Amino acid sequence: MTPKIKTLHKIMESGVVAVVRAERSEQAIKIADACIEGGIAAVEITFTVPGADQVIRDLAQTYRNGELIIGAGTVLDPETARLAILAGAQYVVSPSLNVDTVKMCHRYQIPIMPGAMTIREIVEAMEAGADVVKVFPGEALGPSFIKAVKGPLPQAPLMPTGGVSLDNVSDWIKAGCLAVGVGGNLTAGAKKGDYQSITAIGKEFIEKVRQARGL
């Protein structure tokens, strides 16, 4: 099994990707540490975080045994994708489709997850070579959108980000999502320095995904 396939398997197995936005790089690292304590195997360090590439590099060195799958988010172009990959990012997430970014990730055999919010955009992302299509913004679409898409496109590998909460995560999974991206509903405690809440909420998300899958 190639590293790329292993990364995708671990993300799908966990079912939850923690989307990390933070005001300081130290805060982002603490959020990631809290997530792994809660059983979340994948974090997405967004490039809105100051020094995001260095955060990715530091986490890659800390979790070099593969306990944590470290991704880069809010990647808008191939230059940023390459910077993230060289820093140690194991997958790349974009808010929209940029074909050159997809090509860059394929060159390095790194999973790429571009954003889409219409049937047409989802098909275009798959045709361009997306490994996973990020359904974004999730709060504007809802789990019923996933179910509707899965009718004509049962093969679509979908992961919503935005609007995923403990109240609806089961609905997203049951609708056919292979995983979910969770941001503020998981990491809000960081603003008050409450990282224990991130660990506790992370455990709840993992358990709800497991139950939704009938495991």
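# Close-up views of a predicted model

**View 1. Strand 1 and strand 2 lie side by side in this predicted model.** Strand 1 covers residues 16-20 and pairs with strand 2 in the parallel sense. Four bridges hold the pairing. Ala18 stands opposite Val43 of strand 2. Helix 2, residues 25-37, belongs to the unit that strand 1 and strand 2 form. That β-α-β unit is right-handed.

**View 2. Strand 2 is enclosed.** Five of the five residues of strand 2 are buried, so the rest of the structure largely encloses this strand. Ala42, Glu44 and Thr46 point one way. Val43 and Ile45 point the other way. Both sets are buried, and Glu44 is one of the buried residues.

**View 3. Strand 2 meets strand 3.** Strand 2 spans residues 42-46 and runs parallel to strand 3. Five bridges join the two. Val43 has Ile70 as its bridge partner in strand 3. Ile45 has Ala72 as its partner there. Between these strands the chain passes through helix 3, residues 52-62. This β-α-β crossover is right-handed.

**View 4. Strand 3 is mostly covered.** Five of its five residues are buried. Ile69, Gly71 and Gly73 point to one side of strand 3, whereas Ile70 and Ala72 point the other way.

**View 5. Strand 3 also pairs with strand 4.** Strand 3 takes in residues 69-73, and strand 4 takes in residues 91-93. They pair in the parallel sense over two bridges. Ala72 stands opposite Val92 in strand 4. Helix 4, residues 78-87, joins strand 3 and strand 4 in a right-handed β-α-β unit.

**View 6. Six strands form an open sheet.** The order is 5-4-3-2-1-9, and the pairing is parallel. Which strands stand at the edges? They are strand 5 (112-113) and strand 9 (180-182). Each of these two pairs on one side only.

**View 7. Three strands form another open sheet.** Their order is 6-7-8, again with parallel pairing. Strand 6 (115-116) and strand 8 (158-160) are the edge strands. Each has a single partner strand, so one side of each lacks a neighbour in the sheet. Strand 7, residues 133-135, runs parallel to strand 8, and three bridges join them. Val133 has Leu158 as its bridge partner in strand 8. Helix 6, residues 119-128, packs on this sheet. The helix touches strand 6, strand 7 and strand 8. Its direction makes about 160 degrees with that of strand 7.

**View 8. Ile122 sits in the largest nonpolar core.** This core has 61 residues. Ile45 and Ile122 have the most contacts inside it. Which residues does Ile122 touch, leaving out those up to four places away in sequence? They are Ala116, Val133, Phe145, Val149, Leu153, Ala156 and Leu158. Apart from this core lies another, of 12 residues. Its members include Val17, Ile69, Val93 and Met113. In soluble globular proteins, nonpolar side chains tend to be buried together.

**View 9. Pro152 is exposed.** Pro152 is found in the loop between helix 7 (143-150) and strand 8. Is this proline buried or exposed? Its relative accessibility is 57%, and the cut-off for exposed is over 50%, so Pro152 counts as exposed. Pro152 and Ile122 are 30 residues apart along the chain. Their C-alpha atoms are separated by 12 Å.

**View 10. The whole protein sets the context for the close-ups.** The protein has 10 helices and nine strands. Its radius of gyration is 16 Å, close to the 17 Å that the globule rule gives for 215 residues, so the protein is as compact as a globular protein of that length. The C-alpha atoms fill a box of roughly 45 × 40 × 35 Å along the principal axes. Buried residues make up 52% of the 215 residues. Among contacts with a separation of 6 or more, 59% come from residues 24 or more positions apart.

Technical notes: Residues are numbered from 1 along each chain as its sequence is written. This is a predicted model: local features need pLDDT of at least 70, side-chain atom pairs count only at pLDDT 80 or more; totals for chains, interfaces and linings use all residues. Side-chain values use heavy atoms; hydrogens and water are left out. A nonpolar core is a set of buried Ala, Val, Leu, Ile, Met, Phe, Trp, Tyr and Cys residues joined through side-chain atoms within 4.5 Å. Buried means under 20% relative accessible area, exposed over 50%, partly exposed in between (1.4 Å probe, protein chains only). Contact means heavy atoms within 4.5 Å. Two strands pair if DSSP finds at least two bridges between them. Axes are lines fitted to C-alpha atoms, for helices over the stretch in contact, and angles run from 0 to 180 degrees between N-to-C directions. A crossover is right-handed if, with the strands pointing away from the viewer, the path from the first strand over the helix to the second runs clockwise. The radius of gyration is taken over C-alpha atoms; the globule rule is 2.2 Å times the number of residues to the power 0.38.
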